[in-house]
Amino acid sequence: MSEIILDSNGFQKAVETLSKDIFEKNKNIADIAVVGIQHKGVCVAKRLLAGLAKLAAIDERDIPFGTLDITLYRDDLDNFGADMPVIKDTLIPFDISKKKIILVDDVLYTGRTVRAALDVLMHFGRPKCIQLAVLIDRGHRELPIEAGYTGFKSVIDGKVKVECKEMDGQDRVIIL
Amino acid sequence: MSLHIKNIRIADPSQNKDEKGDLFVENGKIVSKLSANPDKIIDGRGKIAVPGLIDVHSHLREPGQEGKETIKTGTRAAAKGGITSVLCMPNTKPVIDNAPTVEFILLKAQKEGVVNVFPIGCATKGSLGQELSEIGVLKRAGIVAVSDDGLPVADSQIMRRALEYTKMFKLPVISHSEDKELSKNGVMNEGKNSMILGLRGIPRQAEEVMVARDIMLAELTGGYLHIAHVSTAGSVDLIRQAKKKGIKVTAETCPHYFTLTDDVVKLYDTNTKMNPPLRGDKDVAAVKEGLADATIDCIATDHAPHSQEEKNKEYDLAPFGIIGFETMLSLVLSELVSAKVLTLMQCIEKMSVNPAKIFNLEGRGSLKEGSIADITIIDPQYSYEFTKESIISKSKNSPFIGRKFTGGAVMTIVGGNIVYQI
Amino acid sequence: MSLNRKDLLGLEHLDKKDLQLILDSVKPFKDLFTRSVKKAPTLIGKTVVTLFYEPSTRTRTSFEIAAKRLSADVVNLTVSASSVVKGESLIDTGKTLEAMKADYVIIRHSLSGTPDILARNLNASIINAGDGFHEHPTQGLLDLYTMYEKKKTLEGLRVLLVGDILHSRVAKSNIWALTKMGAKVSVAGPPTLIPDKIEELGVKVYYDLDEAIKEADVVNILRIQLERQQENLFPSVREYVELYQLTKERLAKAKSGVMIMHPGPMNRGVEISSDVADSPNAVIYEQVTNGIAVRMAVLYLLKPNNKGKK
């Protein structure tokens, strides 16, 4: 049995809250770039991109957008045995130096993914700053990493699954 | 020591006899009845007594390469394989091109060996292919044939002289048939597999060119030509035609040439490296055919021991050769007899009767009354796995390790003495 | 996502699915090259030994860069040919490297089958960097990837290999990979340098390069070893050049978009003329770049885990 913690509505609201919070803190939208962490973080990032564009009343294509895969930077590659994880695209089609990067993931858990993602970003150049936005903060941190913007926060023990329209046909977050 | 072997199937092609009966041995000879109670009674039920196997092609490595094999270990390995006599090739260190070396081997064999050892002398001095060795002196010392085995006698004129000169001694000249230029740098059969593995090939023609040449020289000289280790369909054909024409030629093949193809080289296992190399399916079929229609007279091991250090190497760098004493009989029983390629009688003919005839080993190759009591006792039901640990030979270079066999020697009697029994 | 093996010894034993997996894995590594830091910590703490029994600057350098871009520690060992015969045995050398905790051993050897011997005796991942006349799997893969990247599909692609097929491990690996991927492979060269059984691998044989080149989408030119002339495999370099050098004139007989490849190092003026090597059809330097990415992908896919071995 799965427990729904965000339904379609809740999902939408959480995204709106996130967008608003980010916009509040970053009024100069020209400095901003959004980067989503593969795989579901990309989905959430795209929603935030749309939200930010709307708030700033500009075309979302005017905000630089990228995707990032952390596989080659994972700290647990030794645990995969014969089956190595599939590497997805890392596409950062803009110069990240002097940008304020909004790094987006779906779930913040141990913090290890974000740690890896920070390293990936740093290998592209020297951004002005990196701010972290997550849809769900489920606690259980293993590294000293916190999100600047959180859509929903609660300590959750089960496995959290984020579903979104583009990939799963509906927007919701469930505990498996 | 006298023996009474009871209720045994006696298969002796020399008398064309295959029937149940009793065998008696006294004073090292086969007798029709014993003069007193036997020292030992052997229950022969379910077993077969055949004339002791004679391996006409082996390398005992002594003198000179005792790390690989000695007369002591080699003859014990032979006895385990049911072999009662071995002919040993002269490519020892020093080579057998002088009487003292022949005498040394015979003495060693007498002191430390358990089966009969018959040395083969060099055809040319130092096996260098340039001058005939003192064949008469060697003959007096005890050789039963001449050969430069391991090498061909490349010079056709010298081969002609060898075949001519040996006629007066009735000594066969054993031809290691290989055109060294055609086989240059080759390490396996030339074909699809050598191409895929990227190993330099030895074409079948490297053997066949020399078989053809030597047959022509045998025709020219009337000498006694014996072709060693026949491996190709083409060679079988050439020998068949020569025999039809009445040319004096005999031939041998080895168990690996009718059991394995070059497919087994796949993993670069150096225990599949020998010279001539393993060939293809058609060659295996032709060798069997040649055995069945008596084109090929003998089955020999070409027992060629090499140490693990030498063999556990890059394929190109490992020496040619595999051991064979301990597997020949079982391979013959499973691949030829059980597979109905040859009858047991035909096989014994090729492993005992013919070798004795071709190399003039008087009193051997037969269970007739008065013959020397060299007897191999076979249990056709004896099942075992050929493991590395079970190998008696000093060297373990066999591609048959891990093979399961049904049928093998369970007792070997040499000159009336039991030298091996399970 | 797995090749299900600890070693890469040759392409003969990979199937289409494995090859496709490798092709699909290359791009993320190639993408790394565009970053300001061209390096990821993927193999941090792993030790890669390149064990070269044959001189080869480019393959060794390519592997070294590939391993370093994945943060592995790289040790280069070059063993001279003479010490092969006299010195320590291959297996002992391998075991010594293993005792030093090498995770990968990348071996180049003039004798075929040497990587197989190491693979059987060592737990480390063995990658064949070219053995005798057998295979050169990463070269085969980088050629395959370069064609795939440019031509988008390999199915039905007409690839011509020119030169010494008999002694070429590059040709062998190309043939295995391309035929498995559905390409149509042909070879051109003198009969002395083309093994007659090659047709059994699904390859068409030409002796006339002018004839062979007409239909080709890709021409992969092999380096001709000048010592083959001493073995009487062709009578003179002059005659070889006349019959088999890829020249502008010959190129004119090919399709206009024909892609020219060469595994390097080139003998300019022997198997390939300079103007062809420098023509827009040539992708020879892209092969070099792709070589690094392909080798990174291979290192990644064969990565040993911390429980010892796959």
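Here is a walk through chain C, from its two domains to its helix packing and its border with chain B. This is a predicted model, in which local features need pLDDT of at least 70 and side-chain atom pairs count only at pLDDT 80 or more, while totals for chains, interfaces and linings use all residues. Residues are numbered from 1 along each chain as its sequence is written, and chains are lettered from A and ligands numbered from 1 in the order in which they are written.

Let's start with the domains. Chain C is divided into domain 1 (16-136 + 291-301) and domain 2 (137-288), with bounds that come from an automatic or database domain assignment. Taken over C-alpha atoms, the centres of these two domains of chain C are 25 Å apart. Across their border, 20 residues of domain 1 of chain C are in contact with 21 residues of domain 2 of chain C; contact means that the C-beta atoms, placed from the backbone, lie within 7 Å. On the domain 1 side, H1, strand E4 (125-131) and H12 of chain C each give at least two residues. Helices (H or I, at least four residues) and strands (E, at least two) are DSSP runs, numbered from the N terminus. That side of domain 1 has 9 nonpolar, 6 polar and 5 charged residues. Here Ala, Val, Leu, Ile, Met, Phe, Trp, Tyr, Cys and Pro count as nonpolar, Asp, Glu, Lys and Arg as charged, and the others, Gly among them, as polar.

Now for the helix pairs. Helix H1 (residues 16-32) and helix H6 (residues 137-151) of chain C have axes that come within 10 Å and cross at roughly 65°. The angle makes H1(C) roughly perpendicular to H6(C), a label for angles of 65 to 115 degrees. Axes are lines fitted to C-alpha atoms, for helices over the stretch in contact, and angles run from 0 to 180 degrees between N-to-C directions. From H1(C), C:Leu19, C:Ile22, C:Leu23 and C:Val26 meet C:Leu141, C:Leu144, C:Tyr145 and C:Tyr148 of H6(C). The residues of this contact are 8 nonpolar, no polar and no charged.

H6(C) also packs with helix H12 (residues 284-301) of chain C, at about 115° and with the axes 8 Å apart. Residues in this contact include C:Leu141 and C:Tyr145 of H6(C) and C:Val294 and C:Arg295 of H12(C). By class, the contact of H6(C) with H12(C) has 5 nonpolar, 5 polar and 3 charged residues.

Finally, look towards the neighbouring chain: 20 residues of chain C are in contact with 14 residues of chain B. The largest share of the chain C side, 3 residues, comes from H5(C).

Note on methods:
Angles under 35 degrees count as roughly parallel, over 145 as roughly antiparallel, 65 to 115 as roughly perpendicular and the rest as oblique. Two residues are in contact if their C-beta atoms, placed from the backbone, lie within 7 Å.
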